[in-house]
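Hi everyone, thanks for coming along. I have one structure to share today, so let me put it up on the screen.

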Amino acid sequence: MITDFYLDPPIPTMGEQVCAYIEITNQGNSHSGIFDFEWYGLSTASAPTHPGFYHQGLASGESNVIRLYYTFKSWYPINKTTVVYVDMENNVDESNEDNNSASIYPFGVYKP
């Protein structure tokens, strides 16, 4: 389902806005139905940066780019990982569940 995941800027600066771009594609033969997604700015965080969003679903072959904006309040060394998940509740019947997450490493947040 996740066909692309990137940040702009790739390494954000503390106190400045970053945009996470998540491209989701329905590679199946029917409408996906509603599904959830969330982004963890840092994969080790105890809670998602953007939790519990729902997408109305995609028709067969349809793609959508989701944009999530965030401003990191701390800096982190460039040895971290950022990760996004879709369909955590397994609402979409898929033959391949391995494409429901994507990560970026190395990742971190610059000091201003």
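I'll go through confidence, the two sheets, the core and then a few single residues.

First, some housekeeping. This is a predicted model, where local features need pLDDT of at least 70 and side-chain atom pairs count only at pLDDT 80 or more, while totals for chains, interfaces and linings use all residues. Residues are numbered from 1 along each chain as its sequence is written, and side-chain values use heavy atoms, with hydrogens and water left out.

So how confident is the predictor? pLDDT is its confidence in each residue, on a scale from 0 to 100. The protein has a mean pLDDT of 90, and 95% of its residues reach 70 or more. Among the elements, S7 has the highest mean, 97, and S4 the lowest, 79. When I say strand, I mean a DSSP run of E with at least two residues, numbered from the N terminus.

Now to the sheets. I call two strands paired if DSSP finds at least two bridges between them. One sheet is open, has three strands in the order S1-S2-S5, and pairs in the antiparallel sense. Its edge strands are S1, residues 2-8, and S5, residues 63-71, each of which pairs on one side only. From one strand to the next, the twist averages 15 degrees; for that, axes are lines fitted to C-alpha atoms, and angles run from 0 to 180 degrees between N-to-C directions.

Let's look at the pairings in this sheet. S1 and S2 run antiparallel and are joined by six bridges, with Ile2 standing opposite Ile24 in S2. On the other side, S2, residues 17-25, pairs with S5 over nine bridges, again antiparallel. There you can find Cys19 opposite Tyr69 in S5, and Ala20 opposite Leu68 in S5.

The other sheet is open too, with four antiparallel strands in the order S4-S3-S6-S7. S4 (50-55) and S7 (101-109) are the edge strands, each pairing on one side only. Here the twist averages 20 degrees from one strand to the next. S6, residues 76-86, pairs with S7 in the antiparallel sense over six bridges, and Val84 sits opposite Ala102 in S7.

What about the inside? By nonpolar core I mean a set of buried Ala, Val, Leu, Ile, Met, Phe, Trp, Tyr and Cys residues joined through side-chain atoms within 4.5 Å. Buried is under 20% relative accessible area, exposed is over 50%, and partly exposed lies in between, using a 1.4 Å probe and protein chains only. The largest core has 23 residues, and those with the most contacts inside it are Phe5, Ile24 and Trp39. The elements that give two or more residues to this core are S1, S2, S3 (35-40), S5, S6 and S7. S2 provides the largest share, four residues. Seven of the nine residues of S2 are buried, so the rest of the structure largely encloses this strand.

Let me finish with three residues. For these, touching means heavy atoms within 4.5 Å, and neighbours up to four places away in sequence are not counted.

Thr25 lies in S2 and is buried, at 12% relative accessible area. Its neighbours include Met1, Leu58 and Ser63. The Thr25 side chain also makes a polar contact of 3.0 Å with the side chain of Thr3. A polar contact here is a pair of N or O atoms within 3.5 Å; within protein, one must be able to donate a hydrogen and the other to accept it, and residues adjacent in sequence count only if both atoms are side-chain atoms.

Next, Asn64 in S5. Is Asn64 buried or partly exposed? With 28% relative accessibility, Asn64 counts as partly exposed. Asn64 touches Ile22, Glu23, Ile24, His55 and Leu58, and a polar contact of 3.1 Å joins its side chain to that of His55. Asn64 and Phe53 are 11 residues apart in sequence and 14 Å apart in space, C-alpha to C-alpha.

Last comes Thr13, in the loop between S1 and S2. Thr13 counts as buried, with 18% relative accessibility. The residues that Thr13 touches are Val109, Tyr110, Lys111 and Pro112.

Thanks for listening, everyone!

Methods. pLDDT = per-residue confidence, 0-100.
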